[in-house]
Amino acid sequence: MKIDFKIEKGENKGIYHSETERILIYPPQHENIEDMLDTITHETIHHAIDKAEEIIDEDQEEKVIFCVQWAKESLI
């Protein structure tokens with residue numbers, strides 16, 4: 001997995017390309033470093049699911065990522 005940063009305006013904060021195992025992060029779309037780290041975590045989970053070869057649809061994948069990213073707050 002490789003992470004690249006692009007300084008471009010757009011709608012995406014980040015995107016994972018499974019064919020090249022590359023994550024693109026767009027810093028201008030983030031409010032602060034913590035927000036950017038959350039996006040990196042989000043896209044890294046996409047990579048982990050891809051590598052696990054799980055058969056889930058996009059909706060299920062986004063729900064898994066949401067639960068993982070909010071797990072710490074849920075346990076407090």
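Which residues is Asp35 in contact with, leaving aside its neighbours within four places in sequence? They are Lys13, Gln29 and His30. This report starts from that residue and then works through the rest of the structure, which is a predicted model.

**Asp35 and its surroundings**

Asp35 is found in helix α1. Its relative accessible area is 15%, and because buried means under 20%, Asp35 is buried. The side chain of Asp35 also reaches the backbone nitrogen of Glu31, at 3.1 Å.

**The sheet**

An open sheet is formed by 3 strands in the order β1-β3-β2, and the pairing is mixed. The edges are taken by β1 and β2, each with a single partner strand, so one side of each is left without a neighbour in the sheet. Direction ignored, neighbouring strands of this sheet are turned by 20° against each other on average. Helix α1 packs on the sheet and touches β1, β2 and β3, and its direction makes about 20° with that of β2.

Strands of a sheet pair through backbone hydrogen bonds, either parallel or antiparallel. Both senses occur here, as the mixed pairing indicates. Strand β1, residues 2–5, pairs with β3 in the parallel sense over 4 bridges. Strand β2, residues 14–17, runs antiparallel to β3, and 4 bridges join the two. The table gives residues that face each other across these pairings.

| Residue | Partner in β3 |
|---|---|
| Lys2 | Arg22 |
| Ile3 | Ile23 |
| Gly14 | Ile25 |
| Tyr16 | Ile23 |

Ile23 thus appears twice, as the bridge partner of Ile3 and opposite Tyr16.

The two faces of β2 can be told apart. Gly14 and Tyr16 make up its covered face, while Ile15 and His17 make up the uncovered one.

**The loop between β2 and β3**

Strands β2 and β3 form a hairpin with 4 residues between the strands. Glu21 lies in the loop between β2 and β3. What is notable in the backbone of Glu21 is its phi near 55°, a positive value in a residue other than glycine. Glu21 has a relative accessible area of 26%, and because partly exposed covers values from 20% to 50%, Glu21 is partly exposed.

**The nonpolar core**

In soluble globular proteins, nonpolar side chains tend to be buried together. Which residues make up the largest nonpolar core here? It has 5 residues: Tyr16, Ile23, Ile25, Met36 and Ile40. The elements that give two or more residues to this core are β3, residues 22–25, and α1, residues 33–51.

Two members of the core can be followed further. Met36 is in contact with Phe5, Ile25, Pro27 and His30, leaving aside its neighbours within four places in sequence. His30 is also one of the residues that Asp35 contacts.

Ile40 lies in helix α1. Is Ile40 buried or exposed? Its relative accessibility is 17%, and because the limit for buried is under 20%, Ile40 counts as buried. Not counting residues up to four places away in sequence, Ile40 touches Ile3, Phe5 and Ile25. Phe5 and Ile25 are therefore contacts of Met36 as well as of Ile40, with contact meaning heavy atoms within 4.5 Å. Ile40 and Met1 are 39 residues apart in sequence, and their C-alpha atoms are 12 Å apart in space.

**An aromatic pair in helix α2**

How many aromatic pairs does a search of the whole structure find? The search finds 1. The rings belong to Phe66 and Trp70, with their centres 6.2 Å apart and their planes at 40°, so the pair is tilted. Phe66 and Trp70 are 4 residues apart in helix α2, residues 58–75, and so about one helical turn separates them.

The exposure of the two residues is also given. Phe66 has a relative accessibility of 54% and, because exposed means over 50%, counts as exposed. Trp70, at 46% relative accessibility, counts as partly exposed.

Conventions. Residues are numbered from 1 along each chain as its sequence is written. This is a predicted model: local features need pLDDT of at least 70, side-chain atom pairs count only at pLDDT 80 or more; totals for chains, interfaces and linings use all residues. Side-chain values use heavy atoms; hydrogens and water are left out. A nonpolar core is a set of buried Ala, Val, Leu, Ile, Met, Phe, Trp, Tyr and Cys residues joined through side-chain atoms within 4.5 Å. Buried means under 20% relative accessible area, exposed over 50%, partly exposed in between (1.4 Å probe, protein chains only). Two strands pair if DSSP finds at least two bridges between them. Axes are lines fitted to C-alpha atoms, for helices over the stretch in contact, and angles run from 0 to 180 degrees between N-to-C directions. A polar contact is a pair of N or O atoms within 3.5 Å; within protein, one must be able to donate a hydrogen and the other to accept it, and residues adjacent in sequence count only if both atoms are side-chain atoms. Rings of Phe, Tyr and Trp (its six-membered ring) pair if their centres lie within 6.5 Å; planes under 30 degrees apart count as stacked, over 60 as edge-to-face and the rest as tilted.
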